[in-house]
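Please read the following account with the sequence and the model side by side. It moves from charged pairs to the packing of nonpolar residues, and then to strands and helices.

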Amino acid sequence: MIFKSLREDIASIRRRDPAAHSWLEVVLCYPGLHALMFHRLSNWCWNRGMRVLGRFISHVGKILTGIEIHPAAQLGPRFFIDHGTGVVIGETAVIGADVTLYHGVTLGGTSLHKGKRHPTLEDGVIVGSGAQVLGPITVGKGARIGANAVVLTDVPPGVTMVGIPARMVMRRQDADFCAYGLPVEDLPDPVARAIDSVRSQVSTLMERIKELETELHGHPTQACARLSQPDAADPGIHVEAVSNPAVGTSGRTLERESIS
């Protein structure tokens, strides 16, 4: 059973990492595989009541590999930790089959109670380097967590999450493996998308103001016309100086910004 699991782990690493040129290289040079071996031994001790020994074996594994996995964590088959340095997996974390983590990932807890307080990663999840998945949340099957994202809520299956806090930017398009949890092309920018939405709404409002002023005065007012003209230097922001009636026309002026 142990050797079958080891063969599966080696085969899964070679499938997901083109830098792995032989099974011997994987066995000798991959700290993620070494961390799994330490964890299986520490988990065996933990489940049989030898908890101090289990923690000690886990601690030795952390010193040698740079990967900290609590002995009570539940790891599924073909789990791959690529590079590995700085990975932390908490006590009540549950990881499904064919999950991939990169360096610097934390599966951490956000509370001090003794129950479930660490994440559950379902089958096929990919978590990019530096990402933090925190709390007793569930990351759905096949989801991707982008590098340095901070995930604080449940993640639906098959989506890509980026940002702090993490937000969904796209749904999974295919079943191919995606290194670091992000596609190399056509990744939408959630900030740009939000700005485009605001600009569209402002444009719609300006058109409606023109219609109302035309109904009221027969034509748009001069102020409305000025607001509709984009600044030459920046088509997105229009800045104009207006007199401040509180200090008179000869006093200082206030700047007014409007999005065209």
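What follows is a walk through a predicted model, beginning with its salt bridges.

The structure holds six salt bridges, and a convenient place to begin is the one in which the side chains of Glu8 and Arg78 meet, with N and O 3.7 Å apart. This pair links distant parts of the chain, since Glu8 belongs to helix H1, which covers residues 2–16, while Arg78 sits in the loop between strand S2 (74–75) and strand S3 (80–81), 70 residues apart. Glu8 counts as partly exposed because its relative accessibility is 29%, and Arg78, at 22%, counts as partly exposed as well.

Arg78 also forms a salt bridge with Asp98, and here the closest N and O atoms are 2.7 Å apart. Asp98 lies in the loop between strand S5 (94–95) and strand S6 (100–101), 20 residues from Arg78 in its own loop between S2 and S3, and this pair, too, links distant parts of the chain. With a relative accessibility of 30%, Asp98 counts as partly exposed. Glu8, Arg78 and Asp98 are thus linked in a network of salt bridges.

Helix H1 takes part in another such contact, in which the side chains of Asp9 and Arg40 meet in a salt bridge at 2.6 Å, N to O. Because Asp9 lies in H1 and Arg40 in helix H3 (residues 31–47), the pair ties together parts that are 31 residues apart in sequence. How do the two partners stand with respect to the surface, buried or partly exposed? Asp9, at 1% relative accessibility, counts as buried, whereas Arg40, at 36%, counts as partly exposed.

The nonpolar residues come next. In soluble globular proteins, nonpolar side chains tend to be buried together. In this model the largest nonpolar core has 30 residues, of which Ile89, Leu101, Val127 and Ile145 touch the most other members. H3 and strand S14 (159–162) are the elements that give two or more residues to this core. A second, separate core of seven residues includes Ile10, Ala20, Leu33 and Phe80. Returning to Val127, and leaving aside residues up to four places away in sequence, one finds that Val127 touches Thr100, Leu101, Tyr102, Val105, Leu121, Val133 and Ile145.

Leu121 leads on to the strands. Four strands form an open sheet with parallel pairing, and their order is S2-S5-S8-S11. S2 and strand S11 (138–139) stand at the edges, and because each has a single partner strand, one side of each is left without a neighbour in the sheet. Within the sheet, S5 and strand S8 (residues 120–121) pair in the parallel sense over two bridges, and Ile95 stands opposite Leu121 in S8.

The last step concerns H3 again, the helix that carries Arg40. H3 and helix H4 (residues 51–65) pack at an angle of about 170°, their axes lying 7 Å apart. Since angles over 145 degrees count as roughly antiparallel, H3 is roughly antiparallel to H4. The contact between these two helices involves Pro31, His34, Ala35, Phe38, Leu41, Ser42, Cys45 and Trp46 on the H3 side. On the H4 side, the residues that meet them are Arg51, Leu53, Gly54, Arg55, Ile57, Ser58, Val60, Gly61, Leu64 and Thr65. H3 therefore appears in several parts of this account, as it holds Arg40 of the salt bridge with Asp9, gives two or more residues to the largest nonpolar core and packs with H4.

How values were computed: Residues numbered from 1 in each chain as written. Predicted model: local features only at pLDDT ≥ 70, side-chain atom pairs only at ≥ 80, totals over all residues. Heavy atoms only, no water. Salt bridge = Lys/Arg side-chain N within 4 Å of Asp/Glu carboxyl O. Buried < 20%, exposed > 50% of the residue type's maximum accessible area, 1.4 Å probe, protein only. Core = buried A, V, L, I, M, F, W, Y, C linked by side-chain atoms within 4.5 Å. Contact = heavy atoms within 4.5 Å. Pairing = 2+ DSSP bridges. Axes fitted to C-alpha atoms, helices over the stretch in contact; angles between N-to-C directions. Parallel < 35°, antiparallel > 145°, perpendicular 65-115°, else oblique.
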